[in-house]
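Let's take a walk through a protein model together. Keep the sequence and the 3D view open as you read.

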Amino acid sequence: MSGNQRASKWWRMFGSLLACSLMTGCWDSTNLETIDYATAIGVEYKEDKFVVYTQLVDFSSIAKNEGGEHKGAKVWVGRGVGDTFYGAYSELLRTAQTEMNTEQLKTVIIRDSAIVKLDEILDALNRVRVSRYTSWVFGTNTPVDEILTTSTFFGMPQTTSLIYSPRDQMRRANLIDPLSMQHFVARYNEGPATVLLPVVGVSTRMWKEEEQSVKMQVVQGMFAIKRKGKATYFPIGEMGGVKWVNPNFTRYLMPIAGEGGNKATIAVNDVKAKVRIDVSKKAPLFTIKLSVVGEVAEIGGHMSKEQIVARMKQVIKEEMVDTYRKGLAKGEDLYNLEEELYRHHLRVWRKETKGREVWLPGKDDLNVDVSFRLRGSGVFGLS
């Protein structure tokens, strides 16, 4: 055999061996079946211990089967306890049967008892890379495991629930905006700002599956947090005015009552809010000017256009003032008036807050000016 023939034979053998090695795949590859994806983390703090919950999602339940139906979604919730956040999380890892991956973390739920440890929680979440700044953040008064084991419609996966897809669901109700980790941390670290954190809970009163009541996630209110202090809880009934200063307002159905038992529902489609501050007096005086546009969604009895406009202006103003004073009664600035003063009148802000741990405007230091325009009156019109 000539030298050229031997060389050709050697190269053919080398090529065959190389092809075989490539066909075997990467040596350090990971089988997806051996990975559990943690999509939600909840934190409680009791008896000087961190309690960390993790929800695992079966991603096979997200895909539809051949008939176009979702498989029955299963939920796994783990619980770890430790002296630190990471200590509790490590206990979860110790009992996990496969590798637990947190790169798909979508939401973080913090119970009221753990708010006092919020700095430690945020530091741990981001330091150990178990969280992303795109994750949603919620507060709660409810045991975290109850929220993580709620029901979904039609056996849909948990990733369709409120805590995973809050933007559309919460904006339909127009009570408060959902907060991503990025926006929450930015507001939390801003001294004059009051963070309004949505509070999620569980309701068994709204829905049934056949005759059986089911647990559904619901926004129950909000926590007001300022200067990294305590979390003050406001239920839905005490935070009605917040929606009118929400820059992301989309739509709200407002029931009103006229004289003689006449009623109407107005669909508010647009709200613009501006804050003006008069610093010429002894104390800053604030005016919130609202420009509101709506249309008649339904009407019972008889109400003229003028009556509807007058009633809407009155109801909105009363709701704004009521929320403002309920906030002050609990020591909170729900309309972030201090932040407005800080951004636009820094010298006055320094004077007002000097030597004070907490600054609040006075009970009568807010004026609400509402203009309302009725854009349409429906099919039957108004007199």
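## Two helices that cross

This is a predicted model. Start with helix α8 (residues 337-344) and helix α9 (residues 346-353): their axes come within 5 Å and cross at roughly 130°. That angle is neither over 145 degrees nor in the 65 to 115 range, so α8 and α9 are oblique to each other.

Who does the touching? On the α8 side you'll find E338, L341, Y342 and H344, and they meet L346, V348, W349, E352 and T353 of α9. Sort the residues of this contact by type and you get 5 nonpolar, 2 polar and 2 charged.

Let's zoom in on T353, which lies in α9. If you skip residues up to four places away in sequence, T353 touches E338 and W359. Is T353 buried or exposed? The cut-off for buried is under 20% relative accessible area, and T353 has 12% relative accessibility, so T353 counts as buried.

## Strands side by side

Now move over to strand β8 (residues 194-203), the home of V200. β8 runs antiparallel to β11, and 10 bridges join the two. One pair to look for is V199, which stands opposite G221 in β11.

G221 has a partner in β12 too: its bridge partner there is P235. β11 and strand β12 (residues 231-235) also run antiparallel, with 5 bridges joining them. Together they make a hairpin with 4 residues between the strands, and in that hairpin R227 takes a positive phi near 50°. As for cover, strand β11 (residues 216-226) is mostly tucked away, with 9 of its 11 residues buried.

Back to V200 for a moment. Its relative accessibility is 0%, so V200 counts as buried. What is it in contact with, once neighbours within four places in sequence are left aside? The list is F138, G139, T140, T142, I147, L162, I163, Q217, V218, V219 and Q220. You can also check V200 against I110: they are 90 residues apart along the chain, yet their C-alpha atoms are separated by 9.9 Å.

## Inside the cores

How many residues does the largest nonpolar core have? It has 34, and those with the most contacts inside it are W244, I256, L290 and M312. The elements giving two or more residues to this core are β13 (252-257), β14 (263-278), β15 (285-300), α7 (305-329), α8 and β16 (366-376). The top giver is α7, with 8 residues.

W244 is a nice one to click on. Leaving out neighbours within four places in sequence, W244 is in contact with F249, Y252, M254, V268, V271, A273, L290, I316, E319 and M320. Apart from this core lies another one, of 33 residues, including Y45, F50, A114 and Y188.

Helix α7 is also the place of T323. With residues up to four places away in sequence not counted, T323 touches E238, M239, G240, G241, V242, L334 and Y335. T323 has 1% relative accessibility, so it counts as buried.

Here are the three residues from this tour with their accessibility values:

| Residue | Relative accessibility | Counts as |
|---|---|---|
| V200 | 0% | buried |
| T323 | 1% | buried |
| T353 | 12% | buried |

Terms used: Residues are numbered from 1 along each chain as its sequence is written. This is a predicted model: local features need pLDDT of at least 70, side-chain atom pairs count only at pLDDT 80 or more; totals for chains, interfaces and linings use all residues. Side-chain values use heavy atoms; hydrogens and water are left out. Axes are lines fitted to C-alpha atoms, for helices over the stretch in contact, and angles run from 0 to 180 degrees between N-to-C directions. Angles under 35 degrees count as roughly parallel, over 145 as roughly antiparallel, 65 to 115 as roughly perpendicular and the rest as oblique. Contact means heavy atoms within 4.5 Å. Ala, Val, Leu, Ile, Met, Phe, Trp, Tyr, Cys and Pro count as nonpolar, Asp, Glu, Lys and Arg as charged, and the others, Gly among them, as polar. Buried means under 20% relative accessible area, exposed over 50%, partly exposed in between (1.4 Å probe, protein chains only). A nonpolar core is a set of buried Ala, Val, Leu, Ile, Met, Phe, Trp, Tyr and Cys residues joined through side-chain atoms within 4.5 Å. Two strands pair if DSSP finds at least two bridges between them.
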